[in-house]
Amino acid sequence: MADIECPNIRNICILAHVDHGKTTLADHLIAAAADGLVHPKQAGRLRFMDYLDEEQRRAITMKSSSVTLSFNDIYHINLIDSPGHMDFCSEVSTAARLSDGALVLVDAVEGVHIQTHAVLRQAWTERLSPCLVLNKIDRLISELKLSPLEAYSKLVRIVHEVNGIMSAFKSEKYLSDVDLLLAGPAGENLENLELVEDDEEDTFQPQKGNVAFVCALDGWGFRINEFAEFYVSKLGASAAALQKALWGPKYYNQKTKMIVGKKGMGGGSKARPMFVQFVLEPLWQVYQAALEPDGDKSMLQKVIKSFNLNVPARELQHKDPKVVLQAVLSRWLPLSDAILSMVVKCMPDPMRAQSFRISRLLPKREVSDDGPSSNVLAEAELVRKSVEACDFSPEAPCVAFVSKMFAVPIKMLPQRGPNGDILNNSTDEGGSGESDECFIAFARVFSGVLFAGQRVFVLSALYDPLKPESMQKHVQEAELHSLYLMMGQGLKPVALAKAGNIVAIRGLGQHILKSATLSSTKNCWPFSSLVFQVSPTLRVAIEPSDPTDMGALMKGLRLLNRADPFVEVSVSARGEHVLAAAGEVHLERCIKDLKDRFARVSLEVSPPLVPYKETIQGEVSDLLENLKSLSGSLDHIERKTPNGRCCVRVQVLKLPPSLTKVLDKSADLLGDIIGGKLGQSNKSSETQRSGRLEDENPIEALRKRIMDAVEGDILGGSEESDKDRAEKCKAMWLKFLKRIWALGPRQIGPNILFTPDSRGEDAEFPVLVRGSSHVSGRLGFVDESSNGGMDAEPSSVVTPALCREAESLESSVISGFQLATAAGPLCEEPMWGLAFVIEARISPLEGQQSDELETSYQPLEQYGIFTGQVMNTVKDACRTAVLQKKPRLVEAMYFCELNTPTEYLGPMYAVLARRRARVLKEEMQEGSSLFTVHAYVPVSESFGFADELRRWTSGASSALLVLSHWEALPEDPFFVPKTEEEIEEFGDGSSVLHNTARKLIDAVRRQKGLPVEEKVVQHATKQRTLARKV
Ligand SMILES: Nc1nc2c(ncn2[C@@H]2O[C@H](COP(=O)(O)OP(=O)(O)OP(=O)(O)O)[C@@H](O)[C@H]2O)c(=O)[nH]1
Ligand SMILES: [Mg+2]
């Protein structure tokens, strides 16, 4: 590796939707370009990169892994195969970070799918140079039986669709660039506008050579370049002209021997584009000749002769026509040559790639470079420059990025070092010697040279070289034990790795949990964090079957947490060990790993812990009614503290749904704003360069989103005639936004506590706990400084002491609200999208009890208890208020994409119906018998969904699930038939009702150990008394 020049290195990954053929393609590349790892005969069937048992068993890739190829003896290609299943999409992020180019595969029959979108976005965000590979061309011929012309239009459509996706990303960037310029200081912008690149050209163009047409299963493939060269002598045109003409509406006029447009063909009906005539038709002929019983076998001989192919007679005379076909095609159009020459030609070497990936990898930091830190900054800038240049000289600062850690059994490690010396693998880095697993870092060197035995700094993503306190927390020193080249599962020891290479590093197991930056100097910024497209949502509780194995389980969970970049291990509030995975397949693999490798004990796994929320019924159109009742203060719950000194009145109403969504989505940002981490006035001129409004002034952006949400919901939902009402309603809401006291639960949730209206009076409880619109202030809805404005209470019983007491009770009211929103009345799940107005009033102590003797010490002693009482009363009142306002259960929904052949539509719909799914759209895929169906499926119904679907459709349907949104069940969980009609329809309630909401609530309550109202005997017949007759 050491003697390969940087310009001859390529780091690439293969990305695609699940099952589009990534691993099959990798097999062929490995068979052709990695010495003896895969025999050419096995290529395409071995699935070399799927070396885990679980991957072979399920036939899907679950992790990304790399292999080093050498092409034409000069190029050194690091190839990373990635998984396509949604559950493992974090592995796509880790693969993309280490690569410079991406081969994006699309199944020519199935076309673009959700994961295709996701991987294209990943490639775009990581600034990879993509090439398109249209795979499974053979299926167009032998399965769909399309004519060459039909196949051509299908391929054109796919290329067009993929380009459409890319151009959407580009225009997003274009718009944000323009925004940025327009937001800058006035005057100088307009002329700069021309600098913004409006790249209208399609990303993928077969004429440019970045699109390949392949059949990975049979090992053939081509770009139009190969055909262009072949036809030079036959058609008498230059290769460059043919290259341009072999795609798109270009025709060859046989008479004039000219390349012409459609018009030039003079309306001849047999005219077909050159790609069809010169590329697809010969291919189709070869297929027909080989596969059809009466095929013209001389056609094969013709191909063999004209291309001078060396096909052994043994293979040509094989009985299986497929073998014959493969023998000819894989020699005529070798797959690995087509792909690897495309990689070498269209993908950048590390030096060029790093020069434009730098802004994503190490974004420029805006810090003033004066004072004592200027040395640090100067060196950090030097490091950045050397990453940008991919400086691989030994003197350059050494920087590498570890994108994930993975576990390898120690016995699998190579026994000998790079020079043939025997390695001592048992001396493992402290701590993990207790297990048989060793942790290896999957990394890329971006600058300098990394060598075994080197000492480096390990910087976590939060490290800041300018903050001394960061030095202790976010940086560690480590020694690199050994370096390896990865050959799929195999590791090949190397002494050093230069910038621009992908390596595996041993010796960091104790220092890195998931990802990190390695650097030879502390004066270096950490690389930007990886972007994951989903978060782990499927949670289960785990415990050992034998309680004495608890220690082993804890150790196992620790190891699993290290070995899997995406799993989350935590301890729940009730002390359970909770494992969160991305989906069922991922979860199953984690449990298997725990049982067989990391913990090695038998485990009990709970049914999935499905998260729910609780809300109340209400439509956007009801909002105005809600608001009216609020000011009339009729519709409230009143509770008193046990000591009778405080009276709490609570009203609850539903927030506009879009507002709830905005609050939920911006939880992190809200946390920062409310916690005071983000100030109001960070709109300085330097930060304006960094990007859109979001980055520039997040508070402003959030405020705008909140206003838009309120406005959109209220005005959007109302009819033309209701415009007046809607306007009024909007004005009222905007007023309410000035009264936000707190959010809950955990200070950031999607529920709001409004400050009470101070106008109401109450003789018995004269002093109001007013609260403050603190959150409104932080969000900029009111001026924080002008907040307050408390005028003295007029009444004579109100003493300053009492006012102070009321003030000190504010935190109790907030705590009560937080507790209530964290655990609703239905099944103690968090509340969702509710607004509370809590009016807590206290009465003077003396007024009531001044005659009594205890008065003198009561205030002191009662003080602590009183705050607790207020808190509990507020909590109870809030929960009761929700119960009174038609409570509803909210469940999480998956967006589901299904693909089914027409004949299995029936069973598929049956499965969907059983799972309470809601179908959004169904679409026949053009030119095939496949239906694509989009639906929402509740998370609670999704377990075993894919398996059931497979069973009922004999494996012909596939489904992919992505977490989508929260949705309230319209059903009333407490519904009992009352009117005559209802009783007629549903029975009198004594027989089992089909109440899904109630069933779900009871299941959660049972899981949490809460009381459940159950009738155990449902159809009891009168029991006989068995009198004992003696
Ligand atoms: N007919 C045909 N089948 C193919 C072709 N390429 C791959 N396949 C089949 O498609 C299936 C999936 O192939 P894989 O290579 O495992 O797909 P993958 O993209 O690696 O799948 P994941 O890693 O699970 O996302 C296998 O059954 C292959 O045999 C092809 O060119 N033509
Ligand atoms: Mg695969």
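**Entry 1: helix α11**

I began with helix α11 (residues 298-306), where I found Met 299, Leu 300, Val 303 and Ile 304 buried. I note at the outset that the model is predicted. Looking down the axis of α11, I saw that its buried residues fall within an arc of 140 degrees, so they line one face of the helix. The spacing agrees with a general rule: an α-helix has 3.6 residues a turn, so residues three or four places apart point the same way.

I then turned to the other side of α11, where Lys 302 and Lys 305 are exposed. Against what do the buried residues of α11 pack? I recorded α10 (274-291), α12 (313-316) and α13 (321-332) as their partners. Just after α11, I noted that Asn 308 has a positive phi of about 55 degrees.

**Entry 2: the magnesium ion**

I next looked up the magnesium ion, which is ligand 2. Which residues coordinate the magnesium ion? I found Thr 23 and Thr 61, each through OG1, at 1.9 Å. Thr 23 belongs to helix α1 (residues 22-33), while Thr 61 sits in the loop between α2 (53-58) and β2 (65-71), so the pair ties together parts that are 38 residues apart in sequence. I checked the accessibility of both residues. Thr 23 counts as buried at 6% relative accessibility, and Thr 61 counts as buried at 7%.

**Entry 3: ligand 1**

I listed 18 residues around ligand 1, of which Lys 22, Thr 23, Thr 24, Thr 61 and Asp 138 come nearest. Thr 23 and Thr 61 thus appear here as well as at the magnesium ion.

I then examined individual polar contacts. A polar side-chain atom of Thr 61 is 2.5 Å from an oxygen atom of ligand 1. A polar backbone atom of Gly 21 lies 2.9 Å from an oxygen atom of the ligand. For Asp 138, I found an N or O atom of the side chain 2.9 Å from a nitrogen atom of ligand 1.

**Entry 4: salt bridges**

How many salt bridges does the structure hold? I recorded 41, and I followed several of them individually.

I looked first at Asp 50 and Arg 47, whose side chains meet in a salt bridge with an N to O distance of 3.0 Å. Both Asp 50 and Arg 47 are buried.

I then took up Arg 888 and Asp 972, where the side chains meet at 3.5 Å, N to O. Arg 888 lies in strand β31 (residues 887-901) and Asp 972 in the loop between β34 (958-968) and α33 (980-986), so this salt bridge ties together parts that are 84 residues apart in sequence. I noted that Arg 888 counts as buried at 6% relative accessibility, whereas Asp 972 is partly exposed at 27%.

My next pair was Glu 948 and Arg 914, with the closest N and O atoms of their salt bridge 2.8 Å apart. I placed Glu 948 in helix α32 (residues 945-952) and Arg 914 in helix α31 (residues 905-914), so the pair joins parts that are 34 residues apart in sequence. Glu 948 counts as buried at 9% relative accessibility, whereas Arg 914 is partly exposed, with a relative accessible area of 43%.

Finally, I looked up a network of salt bridges. Which residues does the network link? I recorded Glu 54, Arg 57, Arg 58, Glu 588, Lys 592 and Asp 596.

How values were computed
Residues are numbered from 1 along each chain as its sequence is written. Chains are lettered from A and ligands numbered from 1 in the order in which they are written. This is a predicted model: local features need pLDDT of at least 70, side-chain atom pairs count only at pLDDT 80 or more; totals for chains, interfaces and linings use all residues. Side-chain values use heavy atoms; hydrogens and water are left out. A salt bridge is a side-chain nitrogen of Lys or Arg within 4 Å of a carboxyl oxygen of Asp or Glu. Buried means under 20% relative accessible area, exposed over 50%, partly exposed in between (1.4 Å probe, protein chains only). Helices (H or I, at least four residues) and strands (E, at least two) are DSSP runs, numbered from the N terminus. Donors are N, O and S atoms within 2.8 Å of the metal (3.2 Å for Na, K and Ca); water is not among the atoms, so sites may look incomplete. The arc is that of the directions from the helix axis to the C-beta atoms. Contact means heavy atoms within 4.5 Å. A residue is near a molecule or strand if one of its heavy atoms lies within 4 Å of it. A polar contact is a pair of N or O atoms within 3.5 Å; within protein, one must be able to donate a hydrogen and the other to accept it, and residues adjacent in sequence count only if both atoms are side-chain atoms.
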